[in-house]
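Biologist: I would like to learn how to read a model of this kind, one feature after another. Could you give me the general idea each time, and then the case at hand?

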Amino acid sequence: MATVTLTGIHKSYGKTEVIHGIDIDIADGELIVIVGPSGCGKSTLLRMVAGLETITSGDLLIDGARLNDAEPMDRNIAMVFQNYALYPHMSVADNMGYALKIARRPKGEIAERVQAAAKMLQLEPYLARKPRELSGGQRQRVAMGRAIVRDPAVFLFDEPLSNLDAKLRVQMRLEIKALQRKLGVTSLYVTHDQVEAMTLADRMIVMNAGVAEQIGTPLDVYERPATVFAAQFIGSPAMNVLPARAEGRVARLANGIGIETGTDASGDVLVGMRPEHMERDPDGPIALDIRMAEPLGANTLLHGSLAGIAQEIVVSLPGVHREDVMAGSARFRIAPEACHLFDAGTGRRL
Amino acid sequence: MEKRVTFKGIWLPILLVAPQVAVTGVFFFFPAGQAIWQSLFIPDPFGLSMQWVGLGNFEYLLGNSFYRASFLTTAIFSVSVTVVSMAIALYLAVLADRLIKGSGTYRTLLIWPYAVAPAVAGVLWLFMFNTRIGVVTWYLGQLGYDWNHVLNEAEAMGLVVLASSWGRISYNFLFFLAGLQAIPRSVIEAAAIDGARFWTRFRTIVWPLLSPVTFFLLVVNIVYAFFETFGVIHTITGGGPQQATTILVYKVYADGFVGQDLGSSAAQSVILLVVVGILTVIQFKYIERKVHY
């Protein structure tokens with residue numbers, strides 16, 4: 001049980017700065033997801049908290065104590081690695097009890113705590129096996145078990161589900177969330193998968209090129225994205241963002257179409273419209289030439305373009321559509337309050 | 001999936017296997033057969049006649065105190081060479097594995113000695129330790145130590161062990177380094193987070209994961225010490241002083257080509273063949289069980 005505070009965390013390799021100052025206060029028991037595309041510095045940030053990378057500048061506080069220069073073993077953390085990093089020559093029980101053995105706990109206590117964790121993770125039948133005799137999902141559980149047994153102040157997860165198949169990933173995602181709630185251990189979780197971020201996070205850090213684009217709850221980020229990047233990264237399919245000129249509460253697209261936005265602005269802006277917020281309306285201002293439709297069952301994705309604008313637009317309609325909308329053209333509207341406006345220069349929300 | 005190639009006829013596969021069979025036949029089975037055959041005779045020194053003695057050569061050898069002493073010498077020599085070369089190589093490999101800057105240069109320099117032929121290596125060390133003009137001998141003299149491997153048996157043994165291990169360190173280093181780098185970084189990091197400091201990590205994680213490499217090197221180094229150190233011993237000590245550095249292989253040569261006792265020499269090489277066979281079987285049967293692949 002602990003709070004974690006990052007203040008102005010920077011990381012440079014030589015002259016190349018890869019993380020440009022991250023600040024966040026993490027409350028006790030909170031699950032923070034760090035999400036971003038590959039190479040954005042999210043794993044580096046996590047490894048700095050773990051003590052596997054040095055912190056170039058800034059402060060890392062766990063429970064109020066500054067731990068920038070502490071060895072990984074002195075930070076009271078546990079980490080789950082992407083490739084699980086199990087000790088291949090040890091049995092599942094030895095893997096899970098390794099940290100306790102190093103700490104010279106009595107044998108009885110080690111066995112007891114390993115047993116308890118194994119029970120929680122349904123690993124009891126496998127305690128005597130070697131990691132190579134387990135399936136991917138089981139290995140993942142052992143890695144979790146190794147973290148739980150230690151009863152650390154902070155859990156660190158480095159893309160723990162990315163080596164699993166899609167179905168197992170959904171299942172393990174729920175298990176991790178349930179487990180974290182039950183244990184109430186402060187956690188940092190790195191992923192590149194925005195769905196994982198949305199479902200797991202109490203709050204998320206959306207990272208891009210070493211910068212925290214937005215820190216907030218999943219719904220905050222979805223409903224009020226702070227930047228164009230956050231807007232397009234969270235939500236699937238990604239938000240349509242079109243350049244426009246704002247004239248009061250109307251944004252005029254390059255082909256002259258005006259869209260009501262509900263935000264007062266002027267000059268060059270970017271209009272963001274989520275595909276699922278666009279509705280069919282025979283009198284709507286947006287006339288889409290539909291190029292392709294993807295029926296997904298629960299909804300139908302339409303790909304097309306606006307006359308005079310090269311950029312592709314995606315619309316997501318609920319349910320199955322067999323009729324006219326599959327080909328040709330259709331008109332759409334969007335509610336003013338569902339439009340997001342961003343500054344064309346800085347990409348920040350207006 | 002069936003990866004085996006199946007042939008229709010019998011001649012093509014025979015033709016493909018023939019070169020390997022021919023090489024093994026000419027260079028192994030033929031000389032080995034000759035040795036076994038010759039070990040049953042005593043030829044006269046001029047090679048004009050041979051007298052059948054049955055197992056007489058073996059009987060004589062096993063009752064001979066010089067031959068039994070050579071067994072002990074071989075044991076001390078090969079264990080020392082193996083331990084010294086592997087320990088130093090492992091130490092250097094662990095250092096090289098931690099190195100980030102200049103690791104290429106460091107590795108290249110460490111690999112060079114492997115390219116030096118055993119006889120040349122022997123002469124090199126002989127010069128350094130020459131009792132009259134050797135640099136090391138001179139420095140040792142400055143320190144008050146009178147080095148003379150020509151007279152002192154322990155010093156002679158030490159010198160041939162050193163010279164034989166030297167080139168071997170490079171070879172072992174390469175394998176240890178490759179083995180260390182094959183251990184996933186994250187496993188080491190996980191152990192670090194779990195609270196294991198460097199030495200604990202090495203003992204509980206790195207060493208067990210390195211054991212296949214160590215086992216392989218153990219077998220290869222012992223075979224090396226048994227057979228391939230002839231050049232070093234021949235150039236440095238010639239088996240002396242007395243018999244202090246006469247290992248079994250050297251005795252095969254000394255008795256056969258210097259002493260002209262070809263029958264005994266052949267019998268010795270047969271015994272050597274059996275000994276190495278037994279050693280290898282023991283290693284694979286007992287030590288390999290403790291290896292984690």
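**Reading a buried helix and its surroundings**

Modeller: Let us begin with a helix and its cover, bearing in mind that this is a predicted model. What covers the buried residues of α2(A) includes two further helices of chain A, namely α3 (107-120) and α4 (136-149).

Biologist: Why is helix α2 of chain A described as largely enclosed by the rest of the structure?

Modeller: The general idea is to count neighbours, a residue being called buried if 20 or more other C-beta atoms lie within 10 Å of its own. In helix α2 (residues 92-102) of chain A, eight of the eleven residues are buried, and therefore the helix is largely enclosed by the rest of the structure.

Biologist: Which residues of α2(A) are buried?

Modeller: The buried residues are Val92(A), Ala93(A), Asn95(A), Met96(A), Gly97(A), Tyr98(A), Ala99(A) and Leu100(A). When you look at such a list, remember that an α-helix has 3.6 residues a turn, so residues three or four places apart point the same way. Following α2(A) you will find Arg104(A), which has a positive phi, near 55 degrees.

Biologist: How is chain A divided into domains?

Modeller: The domain assignment of chain A gives domain 1, which covers 4-233, and domain 2, which covers 240-343. Taken over C-alpha atoms, the centres of domain 1 and domain 2 of chain A are separated by 38 Å. To the contact between them, domain 1 of chain A contributes four residues and domain 2 of chain A five residues. On the side of domain 1 of chain A that touches domain 2, three residues are nonpolar, one is polar and none is charged.

Biologist: How many helices and strands does chain B have?

Modeller: Chain B has twelve helices and two strands, and from the N terminus on a helix is followed by the two strands and then by the remaining helices, in the order α-β-β-α-α-α-α-α-α-α-α-α-α-α. Of the 293 residues in chain B, 31% are buried.

Biologist: Which elements of chain B give two or more residues to the side that touches chain A?

Modeller: It helps to take both sides of the contact before the elements: 15 residues come from chain B and 17 residues from chain A. The elements of chain B that give two or more residues to its side are α8 (185-193) and α9 (198-227), and α8(B) gives the most, with six residues. By class, the residues on this side of chain B are nine nonpolar, four polar and two charged.

How values were computed:
Residues numbered from 1 in each chain as written. Chains lettered and ligands numbered in written order. Predicted model: local features only at pLDDT ≥ 70, side-chain atom pairs only at ≥ 80, totals over all residues. Helix = DSSP H or I, 4+ residues; strand = E, 2+ residues; numbered from the N terminus. Buried ≥ 20, exposed ≤ 12 C-beta atoms within 10 Å, placed from the backbone. Contact = placed C-beta atoms within 7 Å. Nonpolar A, V, L, I, M, F, W, Y, C, P; charged D, E, K, R; others polar. Domains from an automatic or database assignment.
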